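Please find below some notes on this structure, set out as numbered points for a colleague who wishes to go through the charged pairs and one of the sheets.

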Amino acid sequence: MKIIFRVAWLCLMLLTFQITVMAQSSKINGVVNDAVSGLPLAGATILNKIAGKEVLTDQKGNFSIDFIPGKHQLIITYTGYQERNILPESENFLNILLNPSNKQLDEVVVVGYGTQKRKELIGSVSKIDPSETKTIPAGGFDAQLQGKAPGVQISSNTGVPGEAVTIRLRGATSINADNTPLFIIDGVFINSTSLQTISTGGKATSPIADINPSDIATIEILKDAEATALYGSRGANGVVIVTTKRGSYNEPAKVSLDVTSGVAWAPKLWDLTSGPEHATLVNEWWVNTGEDNPSLNRSFANRPFRPVNEIVNGQPGRGLPEEQATYDRLKEAFRTARLQSYDLSVSGGTKGTRYYIGGGYNKQESILKPIHFDRASLKVNLDQKIGNRVQVGVSNTLSRSFRNQARAGDGPQGGLLQAALHTPTYLSPYNDQGVLVGRAGFDNLKLLIDNYDVTAVSLRYIGNLYADAELSRNLVFRTSWGIDYNHYDESEYWNNLLIAGSPNGFATSSIAQNTSWVNEQTLTYKPALGEQHLLTVIAGNTVQENVYSRTYLEGRGFANNSFTLLSSASSITGTQNWSKNSLASFFGKLNYSYQDKYLFTASLRADGSSKFGVNRKWGYFPSVGFAWRVIDESFVQNSSWLSDLKIRTSYGMTGNQNGIGDFAALGLWSGAAPYQGVAGLSPQQLANSELKWERTSQFNVGLDLAVLDNRITLEANYYQKYTRDGLIQVALAATTGFENYWSNAAKISNKGFEFNIRSVNVNNKNVKWTTSFNVARNVNKIERLATPLQYGSRNLILQQEGSPLYSFWLYKQLHVDPQTGNAVYEDVNKDNKITAADRQVMGSVWPKFFGGLSNELNWRNFDLGVFFSFQYGNDTYNHNRFFGEAGGARDAARVIFKNNLKRWQAPGDITDIPRIDGINVQNYLDGGSRWLEDGSFLRLRNLTIGYTFPESWSKRISINKLRFYVTGSNLFLLTNYSGPDPESSANSSQNQPGIDLGTPPQPRSVQFGLHLSL
């Protein structure tokens, strides 16, 4: 009874209060105008937050709203104008003037667990408008961002759409743990690690390609510790926050349609010898090897390419070199690819509801036959106000991505490009009986293209459900649940016409599922401390879990090539994997501002991970930052040329656990050890109960400057990063029964600078021209590593203390002896022999500088965009040249590249290409520095020309906006690299970058597009 009485009493008090408020409330009228022009602002929002009333101004800027004089504050907002707060003391008519906002300083930037105006930022954050890059024909939005943000190095390793790209934010901090940044889409921490398990020569697919770039509203990249520390264990490699499009309240339905269609083609490809040239080189190789080793019985008389009627040892000649045909397999392998994309969306909202629904379809053929990528996507975002204090919403992304995967990279079996690039040009694809056959250890290209069957289908759902509740005027509670689910189904079938399917066919099937969910709660407190003080306090917790499972089967022995399913195989084997990791986190952050001039922030996050040792699971990651808005000081107020000046500094700690096994600290046993048909156990992994977090500290100092009424803005940053307790796999002696174990045994440093400048060159009624330029440099060094580690094909990559990560480990070729034609290498240990002990660190995959340059020009209804990206000072190992210029050191097929025509032939010849030789293999050492090339480049990443029809014309046919455009990508490339693409890399592994082998280049493309909105 007491409870019933108390509830009734409370209801009575609330009713009495409401009646009192209604009795005291009045209406106030007013108008909202532009403070500069005096023109009325139609559609401005006037909010009485306490009373829960909200109205919009009419076409003349007028409004009327309920309020209580002296108690109810009115908040007036309008897009592109500074917000105003007014506390009317009477019912007198209000004449409200809004000042246009400084677009750059008032730009809202998404940061950790909230938003801030750019002028309030202490951390280093780059904001990117995806509309500037979404037409670049790449599978994922990550590849489209190259050159757009200072300090963010993005390399598109291949011209195959939908494959993984390499992203490094301010260098790399780990050897064996993952260096990829954290991706967050609408609050969901998504998986950015490929689920691919079928071998494609070292390549991997990109999970980011499952996301439709047309659904993205903004992309923020968080780089320094102040910006990333609130993400703790997930922020060591930087954070990429993606916010997708949403509708607007009080907005009628808006329909948008985007259509693009175009073609892509290969740039200039490799220069190969013709059939006659190749035959001439083979004859020379034959004679030289006979001279060096008489027991081979090789001479000019029995050379392979001699007249057919010259019978030697019962074998006729193949015909003279000049009689040989040239078979252009590169032309057969590459094509003019078709590109098409369709996106349709509808968005809008009422007073309490807003929505965005978008659907898209994108199909990209690779320039390399028969590969292609297509993606269908559906996006649904919905937000609903419940009363005046509660808002709930959902974000849903559903996609289906199909990949006809390219086996392009290392390994001859099924290698599409290798079959075209490394098969001698004089060899016919047909044998003497007219049957298509493989040559020189590679598949027949036509058979390979016609019978290629390597596919993957990814079904992806990324969803988030949230609720915001205003518990009081200054306290907001938010809770959210997010999930990233990926069902990845891949298969391959090789029939008996192909090397991989010999003799009776080979097939595999792999189904992987990855489910990652996250639950977060935050409290945001903003107390009223007067006009000079602004305080924001955030506290929260996060619970995350990731579950991975995979079932793999392979079958051999098929009745004939009509049977392709595993159920038809005569022999089937399989494996099964399951893994799970969990993370619990607590965090807090404080932002304080005094007079909007002195900004201070501090944060702390504690993460507990299931991956680490029993007493090492928790890591603690603090950060502090300070900024001084010098522009607001009195001593610079009279500087008419100075528009903004801010100095920033921060220091913090982040952690890393990505890339190591879910059970890395535990001792594991395997049940896959049968003995004489009986199940058995065997030790699989050595335990390390002391395994702990990899920690990276970072110091940052920055400057924000704007002059000439914000016509020129500049942002500069200098940083130092130091990683301790680096996670690596330490090798063990074979006598232990284990190969290695996980340990914290590395230290790595990165330091560098970032510079970004933007200028408004012309801005008048008819013309606007803006330029943006960014450049960055990062210096990487392994500070501690007890034992050097070797990676890559032929151990071309060496990680060793004192050198940068991913250093090339090579034999340094000094010159070619003009008298003998033999290559001369540096004898490092002076023992008069060239052995592995003479290999040394040479070159670097790290550029000395990298960045981008863009120009945007608008003249009347025309627009022009020109965007360049560049890298300078990095090296690429051209492994294609080793296999194409090996001088016959392995076999006669290895003289296919045109550079062989510059070889040494007689005493006195000056060249860097040794004598063609199959005996002295040191002339063509795999790992020789001759194939290390300058990988610097300047690339015209995008060129767009568009025309928007006048509004007066388009509205006659009920169209709000109509724009046609043509866009080109990679139309120009300036580089000294001898291959088609200096960014090509044969392997997607983070420890094997910069090695170009069997990889198709990025294509050039032209697309025509239409944007229409109703």
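1. Lys127 is partly exposed in this predicted model, because its relative accessible area of 28% falls between the limits of 20% for buried and 50% for exposed. Its salt-bridge partner is Glu220, with a separation of 3.8 Å from N to O, and this residue counts as buried at 0% relative accessibility. The contact therefore joins a partly exposed lysine to a buried glutamate.

2. The pair also connects distant parts of the chain, since Lys127 belongs to strand β10 (residues 125-128) while Glu220 belongs to strand β15 (residues 216-222), the two residues being 93 residues apart. This is one of the 42 salt bridges that the structure holds.

3. A second salt bridge is found between Lys597 and Glu633, whose closest N and O atoms lie 3.4 Å apart. Here the two ends sit in loops, Lys597 in the one between β26 (571-594) and β27 (598-609), and Glu633 in the one between β28 (618-629) and β29 (642-656), with their positions 36 residues apart in the chain. Both Lys597 and Glu633 are buried.

4. Asp644 and Arg629 make a further salt bridge, in which the closest N and O atoms are 3.1 Å apart. In this case the partners are located in strands, Asp644 in β29 and Arg629 in β28, and they are 15 residues apart while still linking distant parts of the chain. Asp644 and Arg629 are both buried.

5. Which residues are joined into one network by salt bridges that share partners? They are Asp210, Arg403, Arg460 and Asp484, so that these residues are to be read together as a network of salt bridges.

6. Turning to the sheet, three strands form an open arrangement in the order β4-β1-β7, and the pairing is mixed. β4 (62-67) and β7 (94-98) stand at the edges, and because each has a single partner strand, one side of each is left without a neighbour in the sheet. From one strand to the next, the twist averages 35°.

7. Within this sheet, strand β1 (residues 26-34) pairs with β4 in the antiparallel sense, over six bridges. A specific position to inspect is Lys27, whose bridge partner in β4 is Asp66. As a general point, strands of a sheet pair through backbone hydrogen bonds, either parallel or antiparallel.

How values were computed:
Residues are numbered from 1 along each chain as its sequence is written. This is a predicted model: local features need pLDDT of at least 70, side-chain atom pairs count only at pLDDT 80 or more; totals for chains, interfaces and linings use all residues. Side-chain values use heavy atoms; hydrogens and water are left out. Two strands pair if DSSP finds at least two bridges between them. Helices (H or I, at least four residues) and strands (E, at least two) are DSSP runs, numbered from the N terminus. Axes are lines fitted to C-alpha atoms, for helices over the stretch in contact, and angles run from 0 to 180 degrees between N-to-C directions. A salt bridge is a side-chain nitrogen of Lys or Arg within 4 Å of a carboxyl oxygen of Asp or Glu. Buried means under 20% relative accessible area, exposed over 50%, partly exposed in between (1.4 Å probe, protein chains only).
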